[in-house]
Amino acid sequence: MTAAPKIHPEMNTSNLWEDQFLSWASGLGISIVERKNQIGGYPYYQFEANFNADGRRCFTYGRSQNRRLAAVKAVAEFAERKAMLNFFKSQCEVAKNIPAPMRTSNGWAVHQTAELAEKTAVNEALERHLLLLSYFKFGWSGFHLVQKIQTPGMDLYFLTSRFTSKGRIASLVIAKSPRYPGVSFGYCAGQIEDLGRADFWESALFEAADKILTLNGRPVDLSLDPKSWLLSEVKHYLETPFNTEQLKAGNDFSECCPVKPEVLILDLASKWGLDFPLFAAFAFGGGQMPLFHPSNVSKQDLQYIAEALKNNGIDTLPERHPVL
């Protein structure tokens with residue numbers, strides 16, 4: 001693994017915690033790769049952590065225009081996956097009640113404080129919930145095209161979900177490059193009034209462009225994680241022709257049925273014997289749509305989300321969806 005980045009030497013509380021967090025990761029023996037990418041005139045850093053877990057190759061990413069923050073995000077995603085895998089292996093009552101095909105890292109977050117972990121977990125879970133509902137209900141008409149931007153070597157499409165929740169909206173960025181016949185996706189969520197802010201879209205923009213820039217024309221290698229339906233779907237959408245003409249503007253929105261997810265907080269510092277604070281949060285249930293692939297679930301599994309589907313007027317599920 002590369003050394004933990006030492007970017008800003010100021011010793012305020014936040015930077016001290018970041019140093020402790022990155023130093024902890026550097027001692028674990030996981031591999032971390034650093035890249036500097038650029039979308040048009042918009043440069044940013046990408047860190048990729050890859051590691052083996054339960055016999056599978058796992059990859060986590062951090063992206064930001066700030067190098068230190070990109071590294072922290074990649075390590076936080078690693079810690080999140082580690083916490084999530086340990087949790088579902090524990091077979092506690094909460095874990096057992098969630099069907100196996102719906103046990104993903106969606107709704108999980110790791111942060112310095114329990115409050116920040118909970119806020120991030122709830123936001124991510126709502127993001128996927130609104131995007132899934134929008135596609136399940138309306139197909140590609142479930143997303144409204146806000147803007148298309150052409151950059152050298154890549155077209156970017158900025159879309160919002162048709163479903164909203166108490167002033168919050170989810171968004172989808174689609175990246176299209178001549179290097180591939182298909183597209184790559186990125187996701188984010190936030191307040192509707194913030195849609196005009198560049199930082200609202202930043203994480204989704206980096207995520208969408210990242211796959212294309214990193215692969216640079218190479219095919220997606222499924223042998224890296226043959227059991228992952230998410231990786232398989234990334235490959236499908238990137239390497240299968242995609243018709244961008246189906247992306248349309250619109251101004252009709254639907255308020256989704258109220259959701260009230262439960263939130264489980266884990267003190268990872270205590271569990272893992274760390275000398276700095278670290279918390280994981282898992283937001284689940286409460287009428288919220290979990291992330292899953294429709295072809296991988298049984299009728300019995302669907303009972304877990306039957307009420308959410310019914311309440312939002314969704315009768316049938318598509319064969320696949322772009323929420324990955």
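**View 1. The largest nonpolar core of this predicted model has 97 residues.** The residues with the most contacts inside this core are F21 and I174. Helix α2, residues 67–90, supplies the largest share of the core, 12 residues. Another core lies apart from this one and has 8 residues, among them A109, A114, A125 and A283. In soluble globular proteins, nonpolar side chains tend to be buried together.

**View 2. The surroundings of I174 in the predicted model.** Leaving out residues up to four places away in sequence, I174 touches W140, D155, L156, Y157 and L159. The list of residues touched by I174 continues with V183, S184, F185, F242 and L247. I174 is also, together with F21, one of the residues with the most contacts inside the largest nonpolar core.

**View 3. An open sheet of 3 strands in the order β1-β2-β3.** The pairing in this sheet is antiparallel. Its edge strands are β1 (31–39) and β3 (56–64), each of which pairs on one side only. On average, neighbouring strands are turned by 25° against each other, direction ignored. Helix α2 packs on this sheet and touches β1, β2 and β3. The direction of α2 makes about 145° with that of β3. Strands of a sheet pair through backbone hydrogen bonds, either parallel or antiparallel.

**View 4. Strand β2 and its two partners.** Strand β2 covers residues 42–53 and is joined to β1 by 9 bridges. One residue pair to look for here is N37 with Y44, its bridge partner in β2. On the β3 side, β2 pairs over 9 bridges, again in the antiparallel sense. Here Y45 stands opposite S64 in β3. Of the 12 residues of β2, 9 are buried, and the strand is mostly covered.

**View 5. The two hairpins of the β1-β2-β3 sheet.** The hairpin of β1 and β2 has 2 residues between the strands. In this hairpin G40 takes a positive phi near 60°. The hairpin of β2 and β3 likewise has 2 residues between the strands. There the residue with a positive phi is D54, with a value near 55°.

**View 6. W17 and F21, a stacked aromatic pair in helix α1.** A search of the whole structure finds 26 aromatic pairs. In the pair shown, the ring centres of W17 and F21 are 4.8 Å apart and the planes lie at 20°; the pair is stacked because planes under 30 degrees apart count as such. Helix α1 covers residues 13–26, and W17 and F21 are 4 residues apart in it, so about one helical turn separates them. W17 has 6% relative accessibility and therefore counts as buried, the limit being under 20%. F21 also counts as buried, because its relative accessibility is 0%.

**View 7. W24 and W272, a stacked pair between two helices.** The ring centres of W24 and W272 lie 5.9 Å apart with planes at 15°, so this pair is stacked. W24 lies in helix α1, whereas W272 lies in helix α7, residues 268–272. The pair therefore ties together parts that are 248 residues apart in sequence. W24 counts as buried because its relative accessibility is 15%. Ring pairs link W17, F21, W24, F51, F78, W272 and F276 into a cluster. K82 lies over the face of W272, at 5.0 Å from the ring centre.

**View 8. H144 in strand β5.** Strand β5 covers residues 143–151. Is H144 buried or exposed? H144 counts as buried, because its relative accessibility is 5%. Leaving aside neighbours within four places in sequence, H144 is in contact with F158, L159, T160, R162 and K248. Its further contacts are A249, G250, N251, D252 and F253. The charged end of R162, one of these contacts, sits over the ring of F138, 3.6 Å from its centre.

**View 9. An open sheet of 3 strands in the order β4-β11-β10.** The pairing is antiparallel. The edge strands are β4 (108–111) and β10 (262–267), and each pairs on one side only. From one strand to the next the twist averages 20°. Strand β11, residues 279–284, pairs with β4 over 4 bridges. Within this pairing, A280 in β11 is the bridge partner of V110. Helix α2 packs on this sheet and touches β4, β10 and β11. The direction of α2 makes about 125° with that of β4.

Methods: Residues are numbered from 1 along each chain as its sequence is written. This is a predicted model: local features need pLDDT of at least 70, side-chain atom pairs count only at pLDDT 80 or more; totals for chains, interfaces and linings use all residues. Side-chain values use heavy atoms; hydrogens and water are left out. A nonpolar core is a set of buried Ala, Val, Leu, Ile, Met, Phe, Trp, Tyr and Cys residues joined through side-chain atoms within 4.5 Å. Buried means under 20% relative accessible area, exposed over 50%, partly exposed in between (1.4 Å probe, protein chains only). Contact means heavy atoms within 4.5 Å. Two strands pair if DSSP finds at least two bridges between them. Axes are lines fitted to C-alpha atoms, for helices over the stretch in contact, and angles run from 0 to 180 degrees between N-to-C directions. Rings of Phe, Tyr and Trp (its six-membered ring) pair if their centres lie within 6.5 Å; planes under 30 degrees apart count as stacked, over 60 as edge-to-face and the rest as tilted. A charge sits over a ring if NZ of Lys or CZ of Arg is within 6 Å of the ring centre and within 35 degrees of the ring normal.
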